[in-house]
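I opened a fresh page today and went through this model with a short list of things to look up. My entries follow in the order I wrote them.

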Amino acid sequence: MLARLPRPAWIWLVLVLATILSFESSLSSWIGERVATTIILLVAVAKVRLVAMEFMELRHAPILFRLGLEIWLVALFLTMVSLYLAAGN
Amino acid sequence: MPRLPGDEGIWVLIFGDMLVFSIFFITFFVYRMQEHDVFVAGHALLDVRLGALNTLLLLTSSLFIALATRAVRHAHPFAARWIAAAIGCGICFCAVKAFEYGHKIAAGITLNTTDFFTFYYMYTGIHLVHVLVGLGVLTLLYRRVHDAVEPGATIKLVESGGSFWHLVDLLWIVMFPLFYLVR
């Protein structure tokens with residue numbers, strides 16, 4: 001019966017698990033704050049990609065849009081992480 | 001055939017909004033770099049559980065909209081109910097935000113308390129306006145789908161409005177870690 005869940009339901013499940021993972025990561029102290037936050041930002045960008053590709057259905061969009069989206073996601077992630085790591089501690 | 005769902009015009013709005021908010025996010029990190037202690041202190045005053053709850057509410061509302069879109073495309077009768085469920089989630093999100101803001105303001109934490117809270121109120125406030133506009137759009141979708149005589153007539157409308165709602169979800173997905181998780 002599980003296998004017959006519609007695709008959006010699976011996407012939602014992954015998004016919810018990723019959210020819980022990030023929430024837990026922020027609380028765990030054993031991997032270090034900088035590593036934890038880098039993972040959290042990566043997970044956030046991955047979630048954005050999933051929502052854009054699946055819910056917004058951009059995986060069916062013309063290749064130029066998909067390429068633009070991927071480039072923007074990478075650029076956003078690298079910029080945020082660089083600025084975060086550059087902050088004092 | 002490769003295509004964008006809904007009306008082309010909505011995508012100009014969606015991509016433009018994503019660009020503007022990207023600049024917002026980067027600006028946040030620049031200020032954080034310059035006022036690290038202020039941002040760490042401000043972050044500690046936020047309740048991460050409320051942020052996580054709001055994230056789950058918007059994710060679930062997006063699921064409901066995705067299911068509504070499928071229902072409209074396959075002329076399934078439950079499309080309007082899925083939209084109503086999404087509206088319900090959106091209203092809950094607003095209630096949580098109202099509770100959060102109320103609690104902060106009562107504690108004397110306002111827009112100008114620190115730079116962190118200027119960002120917090122401004123960014124989540126602008127996002128909240130998007131949520132309210134989105135709820136208006138979803139209400140319109142609900143009425144059109146509910147009253148539709150021909151099931152396929154509302155597909156483009158649901159796709160367009162639905163895409164805007166997914167944008168609202170998408171923006172919060174980045175804002176949640178920025179304010180509630182980054183330490």
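**Entry 1: a lysine and its partner**

I began with B:Lys97, which counts as buried at 0% relative accessibility. This is a predicted model, so I keep that in mind for everything below. Which residue does B:Lys97 pair with in a salt bridge? I found B:Glu100, with the closest N and O atoms 2.6 Å apart. B:Glu100 is buried too, at a relative accessible area of 2%. I then checked where the two sit: both are in helix H4 (residues 79-106) of chain B, and because they are 3 residues apart, about one helical turn separates them. A reminder to myself: an α-helix has 3.6 residues a turn, so residues three or four places apart point the same way.

**Entry 2: the other salt bridges**

I ran the search over the whole structure, and 9 salt bridges came back over all chains. How many are there between chain B and chain A? The count is 2.

I noted A:Glu33 with B:Arg183, whose closest N and O atoms are 4.0 Å apart. A:Glu33 lies in helix H2 of chain A and B:Arg183 in the segment after H6 of chain B, so this pair joins two chains. For exposure, A:Glu33 counts as partly exposed at 36% relative accessibility. B:Arg183 is also partly exposed, with a relative accessible area of 28%.

I also noted B:Arg73 with A:Glu57, where the closest N and O atoms are 2.8 Å apart.

Within chain B I looked at B:Arg3 and B:Glu159, which form a salt bridge with their closest N and O atoms 3.1 Å apart. B:Arg3 belongs to the segment before H1 of chain B and B:Glu159 to helix H6 of chain B, so the pair ties together parts that are 156 residues apart in sequence. Is each end buried or partly exposed? B:Arg3 counts as partly exposed at 36% relative accessibility, while B:Glu159 counts as buried at 5%.

Putting these side by side was a pleasant moment: A:Glu57, B:Arg3, B:Arg73 and B:Glu159 are linked in a network of salt bridges.

**Entry 3: the interface between the chains**

Next I turned to the contact itself. It takes 43 residues from chain B and 40 residues from chain A. Together the two chains bury about 3600 Å² between them, and 78% of that is on carbon and sulfur atoms. Which three residues supply more than any others of the area that chain B buries against chain A? I wrote down B:Phe29, B:Leu181 and B:Arg183, which supply 17% of it. The salt-bridge partner of A:Glu33 is thus back on my page.

For polar contacts, I count 5 residue pairs across the interface, both residues at pLDDT 80 or more. On the side of chain B that touches chain A, H1, helix H3 (48-73) and helix H6 (155-181) of chain B each supply at least two residues. H3(B) gives the most, with 13 residues. By class, that side of chain B has 29 nonpolar, 7 polar and 7 charged residues.

**Entry 4: two serines in chain B**

I looked up B:Ser22 and found it in helix H1 (residues 8-34) of chain B. B:Ser22 is buried, with a relative accessible area of 6%. Leaving aside residues up to four places away in sequence, it touches A:Trp72 and A:Leu76.

B:Ser62 came next, in helix H3 of chain B. It counts as buried at 0% relative accessibility. With the same sequence neighbours left out, B:Ser62 touches A:Phe55, B:Trp165, B:His166 and B:Asp169.

**Entry 5: the chain A helix facing B:Ser22's contacts**

Both residues touched by B:Ser22 turned up in my list for H3(A). Helix H3 (residues 63-86) of chain A has 24 residues and reaches 34 Å from its first C-alpha to its last, close to the 34 Å expected at 1.5 Å a residue. Which of its residues are buried? They are A:Leu69, A:Trp72, A:Leu73, A:Leu76, A:Phe77, A:Met80, A:Val81, A:Leu83 and A:Tyr84. I then asked what covers them. The cover includes helix H2 (33-55) of chain A together with H1 and H6 of chain B.

Note on methods
Residues numbered from 1 in each chain as written. Chains lettered and ligands numbered in written order. Predicted model: local features only at pLDDT ≥ 70, side-chain atom pairs only at ≥ 80, totals over all residues. Heavy atoms only, no water. Helix = DSSP H or I, 4+ residues; strand = E, 2+ residues; numbered from the N terminus. Buried < 20%, exposed > 50% of the residue type's maximum accessible area, 1.4 Å probe, protein only. Contact = heavy atoms within 4.5 Å. Buried area = accessible area lost by both parts, 1.4 Å probe. Salt bridge = Lys/Arg side-chain N within 4 Å of Asp/Glu carboxyl O. Polar contact = N/O pair within 3.5 Å; in protein donor to acceptor, adjacent residues only side chain to side chain. Nonpolar A, V, L, I, M, F, W, Y, C, P; charged D, E, K, R; others polar. Expected span 1.5 Å × (residues − 1).
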